Amino acid sequence: ARRAMEGSGEARAGPEGRLELSSRFRAVMRARGLQDLSGDGGVRKEELRPGSGQLVPPAATVAVKYSGYLEHTEQPFCTNCTKKLPRLMKIGEDITLGGLEIGLLTMKKGEVARFVFAPSYAYGQQGCPPLIPPNAMVLFEVELIDFLDSAESDTFFALTAEQQDTFPLQRVLKVAETERKFGNYLYRKQCFESAKERYKRAYSILSRSPFSEAERCQIDASQLLVLLNLSITYLKLKRPARALTYGEKALEIDQRNAKALFRCGQACLCMTEYKKARDFLVRAQHVEPFNHDINNELKKLASCYKDYLDKEKEMCCRMLAAFNSSA
C-alpha cells in the first residue's frame, strides 16, 4: 500500500497559516461510534457499509480496494481503485502496514470502512520520504472485495510429499477448493495463465488413491470441477487440444455432464474437427435442450461448416478450371 499516485495534491493552509484537515479526516473525527480497534486509539474504524459472512481470518489472502490519505491533503498518496479487480494480497506478507492488518481482520466480505492509523501503526517516526512525512497520521478507505482462508493451503504446501500423503482427505479437499477459488479469481481478472497454474495445482493434489467408494465419490466431485475449469481456461488460452483433453477427462467422471460436452464441442470446433464437434454438442443438447449457449454453438458450427464446404467447392472449381485450361 505504498505506491504513489501522480497528482497527490498540496496541503491547504487555514486563515491563520495552520494546515487544514482534509474533508475525510474531518468527517471521520466527527463520526459517531468510531471503534478503537487497538485499545490505545492508534487504530480507529468507521464502518461505511456493512459486509456479510464471517470475519477475515488471520493469514488470509484478500482482494481489497484501498486509498490512503494524509491528514491535510484531499488526494490519495496511494490507491488501487483504478483496477476493476485488484490483485490478491496475503496479510502479513503483501500487506505489512500494522494498522491495516488489524483493520482487515475486523471486516467482512463486501464491507467498506474508513480507518485512521497513528504513526506507530502506519509509517512510524521516519515516515516514508518523500511521500510520507515523519510521524504522519494516515487514513485508509478500504473495500473488502473477497478473501480466501489460505492458512490450510499454506500448511499443506509447506509439507514434504510424504507428509502430504498422510494429510486427511477432508483437509486435502479443502486445500484443493482453496486453490480452485484462487484460480477462479484469477480467471475473472483474465489472468488465464496464472489461473491455469492454480487449477493444475488443485488437480495434482486430488490424484491420491481413495480408501473407499465414498472417498472416490468425493475426489471425483472435486476433480470434475477443476477439470471443467481447466478446459475453459485452455480455450481462453487458445489451446483447444488441451481443452479437449481436460474436457474428456471430465467426461470419464460424468459422461452426461453438459458443460464437459459443451467444452469438448467448442474445442473441436476451434480445431475445425466439425464431425466431432457436432457429436459432442448434440450430446450436450440432449442433456440440456434449452441451453442457449449450446444451441448457439450448434448454429455457429453449422455456419462454419457451410463456409468450409463453400471454400472446398470453390477450390475444386479452380483446380478443375486450371486442369481444363492446360489440357
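Which backbone oxygen does the side chain of Tyr 199 reach? In this predicted model, the side chain of Tyr 199 comes to 3.3 Å from the backbone oxygen of Gly 183, and it also makes a polar contact, at 2.6 Å, with the side chain of Asn 184. Tyr 199 itself belongs to helix H6, and with a relative accessible area of 1% it is buried. Leaving out residues up to four places away in sequence, Tyr 199 touches Arg 180, Gly 183, Asn 184 and Tyr 187, and also Val 226, Asn 229, Leu 230 and Thr 233. One of these residues, Val 226, stands 27 residues from Tyr 199 along the chain, yet the two C-alpha atoms are separated by 6.0 Å.

From this tyrosine one may turn to the nonpolar core of the helical elements. The largest nonpolar core has 45 residues, and within it Phe 280 and Leu 301 touch the most other members. Two or more residues are given to this core by each of the helices H5 (169-188), H6 (192-204), H7 (213-236), H8 (240-253), H9 (258-270), H10 (274-287) and H11 (292-326), and the largest share, 9 residues, is that of H7. Around Leu 301, once its neighbours within four places in sequence are set aside, the contacts are with Leu 269, Tyr 274, Ala 277, Arg 278 and Leu 281. Another core, of 29 residues, lies apart from the largest one, and among its members are Val 43, Ala 60, Val 64 and Cys 78. As a general background to such groupings, nonpolar side chains in soluble globular proteins tend to be buried together.

Aromatic side chains give a further view of the packing. There are 10 aromatic pairs in the count, and one of them joins Tyr 203 to Tyr 246, whose ring centres are 6.4 Å apart and whose planes stand at 90 degrees, so that the pair is classed as edge-to-face. This pair links distant parts of the chain, since Tyr 203 is in helix H6 and Tyr 246 is in helix H8, 43 residues apart. The two partners are not equally covered: Tyr 203 counts as partly exposed at 23% relative accessibility, whereas Tyr 246 counts as buried at 7%. Elsewhere, Tyr 66, Phe 77, Phe 115, Phe 117, Tyr 123 and Phe 140 form one aromatic cluster.

The strands can be followed through E9. Strand E9, residues 138-148, is mostly covered, with 9 of its 11 residues buried. Strand E4 (residues 61-70) runs antiparallel to E9 and is joined to it by 10 bridges, in which Thr 61 has Leu 148 of E9 as its bridge partner. Strand E8 (residues 112-117) also pairs with E9 in the antiparallel sense, over 6 bridges, and here Phe 117, a member of the aromatic cluster, has Val 138 of E9 as its bridge partner. In a regular strand, side chains alternate between the two faces of the sheet.

Some features of the backbone deserve attention in the loops, where the general expectation is that most residues other than glycine have a negative phi and that most peptide bonds are trans. Between E8 and E9 the loop contains Pro 130, and the peptide bond leading from Pro 129 to Pro 130 is cis, with omega near 0 degrees. In the loop between H5 and H6 lies Gln 190, which is not a glycine but has a positive phi of about 65 degrees; Gln 190 counts as exposed, at 59% relative accessibility. Lys 238, in the loop between H7 and H8, likewise has a positive phi, near 60 degrees, without being a glycine, and with a relative accessible area of 73% it is exposed.

Why, finally, is the sulfur of Cys 270 not bonded to the closest cysteine sulfur? That closest sulfur belongs to Cys 304 and is 9.2 Å away, which is too far for a bond, given that a disulfide requires the two sulfur atoms to lie within 2.5 Å. Seen from the other side, the cysteine sulfur closest to that of Cys 304 is the one in Cys 270. Cys 270 is exposed, with a relative accessible area of 53%, while Cys 304, at 25%, is partly exposed. A search of the whole structure finds 0 disulfides.

Note on methods:
Residues numbered from 1 in each chain as written. Predicted model: local features only at pLDDT ≥ 70, side-chain atom pairs only at ≥ 80, totals over all residues. Heavy atoms only, no water. Buried < 20%, exposed > 50% of the residue type's maximum accessible area, 1.4 Å probe, protein only. Helix = DSSP H or I, 4+ residues; strand = E, 2+ residues; numbered from the N terminus. Pairing = 2+ DSSP bridges. Core = buried A, V, L, I, M, F, W, Y, C linked by side-chain atoms within 4.5 Å. Contact = heavy atoms within 4.5 Å. Polar contact = N/O pair within 3.5 Å; in protein donor to acceptor, adjacent residues only side chain to side chain. Phe/Tyr/Trp six-rings, centres within 6.5 Å; stacked < 30°, edge-to-face > 60°.
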